[in-house]
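Colleague: I should like to go through this model with you, one topic at a time. Please give the reasoning first and close each reply on the value or name requested.

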Amino acid sequence: MASPNRILIVDDEMATREICRDFLAENGFEAETASDGNEALQKLDRETYNILLSDIQMPKLDGVALLRESRKRFPEIEVILMTAYGGLPSAIEAIRFEAYDYLTKPISREILLNTVRRCIEKIELRRKLKETNKKLLEQERLAALGSVSAWLSHRMRNSLSVILMCSHYLRTRFNAPGDAETQEVVGAIIEKVKLLEKTTTEFINYSRSYDLQKVTEDVNVILADVIKSVSVHMRLSDVTLRQELSEGLPKIQCDPHILNEAFENVLMNAAQAIGEQKGQAIIVKSECVTSTPGPTPQTSSGEPLRTVAVTITNTGSVIPEANMERIFRPFFTTKDYGTGLGLAITKRIVEQHGGAISVESSEQGGKKTSIRIVLPVTAERPAAENAEENRG
Ligand SMILES: Nc1ncnc2c1ncn2[C@@H]1O[C@H](COP(=O)(O)OP(=O)(O)O)[C@@H](O)[C@H]1O
Ligand SMILES: [Mg+2]
């Protein structure tokens, strides 16, 4: 996420707003200006800012009115008010409408910089708090799902397998030529029970907590495994499968069985999205990507993060813009017999490996959908150190 350093300076005195802007820009902030409250509101409507630094005495819409309006319409934005007169009434108003701070002109550069920096720290803290809350909620939801899933796995799975066994038994009993209709009915029961079994299993897989058994493994080996098991299905439906696996990939710390499940979900989706269409392709690509210094993920030591990126692309399908975010949510499906859990499970697995998953889809130059999974390469401990530990 970009750091919260966008500031809108509002002052009817040109000299003041330009000095403030240049000074803040010199100190690494993105500062823009507006000459009164109305112009500021127009800018706030169009663009995102984190801090509003506003004079109080201005023609048209003054600073206190702007503060009031912005608290109502843009509650995330922090407001710092400035005044040349330091009157008590406006200070009281500022407090009442929760301005972050109230500065009296002339404002020293040091005070301005410190105030803005403290304000940004507050915004960052609030963002982190929100993120933590979201994670906690997610964990609570998973815990609730966990108890449902324990119940499901005992009651539902057992009952379903009994029904399935009974149906198979019935099928063998009605084999005479006149029993075609009965065969059909039993066939329908078997099909539905199998679907329920699949849904139950996927639900349990989604809500169980994965205990990763991590080893050092080459992602290409896992991919080769998945491709082998899925390609049987693909040959049937006339899909070209292209492998673009980079040689010499760094190995990663992962649970190969669980990661296998994640890749398989994505590949199965690709195959299902192609369906009966002829002449389509699936491309499985792996590569080592080193993120450059900057706003991309970095290790705590500040070194660039090495990752292995796996991209699974299929032609012949496109995800509508409105669904792009939804596809990773549990139970979102556009298929008649889908569970909507495949990508939710995949996302959890990828995140438990410290990675990230994303999607790209477009219709330009033919329909195309790509799912990209990026996994961090964590440094392996030197063999000598391991040996040392084993001895001790
Ligand atoms: N390769 C793809 N092309 C088009 N749509 C896709 C693709 N992969 C996933 N989707 C969409 O994402 C939805 C959710 O997928 P998933 O979580 O695996 O559940 P399910 O496969 O049971 O529907 C699918 O129903 C589909 O709409
Ligand atoms: Mg699926």
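Colleague: In what order do the strands of the parallel five-strand open sheet lie?

Modeller: The model is a predicted one. In this open sheet the pairing is parallel. Strands S2 and S5 (101-104) form the edges, each pairing on one side only, and the twist from one strand to the next averages 20°. The order is S2-S1-S3-S4-S5.

Colleague: Which residue of S2 is the bridge partner of Arg-6?

Modeller: S1 and S2 run parallel and are paired over five bridges. Within that pairing, the S2 partner of Arg-6 is Glu-30.

Colleague: Which residue of S3 is the bridge partner of Val-10?

Modeller: S1 is also joined to S3, in the parallel sense, by four bridges. On the S3 side, the partner of Val-10 is Ser-54.

Colleague: What angle does the direction of helix H1 make with that of S2?

Modeller: Helix H1 (residues 14-26) packs on this sheet, where S1, S2 and S3 are the strands touched. The angle between the directions of H1 and S2 is about 170°.

Colleague: How many of the five residues of S1 are buried?

Modeller: S1 is largely enclosed by the rest of the structure, and the count of buried residues is the reason. Of its five residues, the number buried is four.

Colleague: Why do the buried residues of H2 lie on the same side of the helix?

Modeller: The buried residues of helix H2 (residues 37-46) are Gly-37, Ala-40 and Leu-44. They lie on the same side because the arc they cover around the axis is limited. In general, an α-helix has 3.6 residues a turn, so residues three or four places apart point the same way. The arc covered by the buried residues of H2 is only 55°.

Colleague: Which elements do the buried residues of H2 pack against?

Modeller: The face turned away from the buried side of H2 carries the exposed residues Gln-42, Asp-45 and Arg-46. The buried residues, in contrast, pack against strands S1 (6-10), S2 (30-34) and S3 (51-55), and against helix H3 (63-73).

Colleague: Is Tyr-49 buried or exposed?

Modeller: Tyr-49 is in the loop between H2 and S3. Leaving aside neighbours within four places in sequence, its contacts are Arg-6, Ile-7, Leu-8, Leu-44 and Ile-77. A residue with 20 or more other C-beta atoms within 10 Å of its own is classed as buried. Tyr-49 has 23 such neighbours inside 10 Å and therefore counts as buried.

Colleague: How far apart are the C-alpha atoms of Tyr-49 and Glu-30?

Modeller: Along the chain, Tyr-49 and Glu-30 are 19 residues apart. In space, the separation of their C-alpha atoms is 9.2 Å.

Colleague: In what order do the strands of the mixed open sheet lie?

Modeller: This sheet has five strands. Its edges are S7 (239-245) and S11 (356-362), each of which pairs on one side only, and the twist averages 15° from strand to strand. The order is S7-S9-S10-S12-S11.

Colleague: Which residue of S10 is the bridge partner of Cys-288?

Modeller: S9 (residues 280-290) and S10 (residues 306-315) are antiparallel and pair over nine bridges. The S10 partner of Cys-288 is Val-308.

Colleague: Which helix gives the most to the shell around ligand 1?

Modeller: Among the 20 residues around ligand 1, those that come nearest are Ala-273, Thr-333, Gly-338, Gly-342 and Leu-343. Helices H8 (256-274) and H9 (342-352) each supply at least two residues of the shell. With four residues, the helix that gives the most is H8.

Definitions and conventions: Residues numbered from 1 in each chain as written. Chains lettered and ligands numbered in written order. Predicted model: local features only at pLDDT ≥ 70, side-chain atom pairs only at ≥ 80, totals over all residues. Buried ≥ 20, exposed ≤ 12 C-beta atoms within 10 Å, placed from the backbone. Arc of directions from axis to C-beta. Contact = placed C-beta atoms within 7 Å. Near = placed C-beta within 6 Å. Pairing = 2+ DSSP bridges. Axes fitted to C-alpha atoms, helices over the stretch in contact; angles between N-to-C directions.
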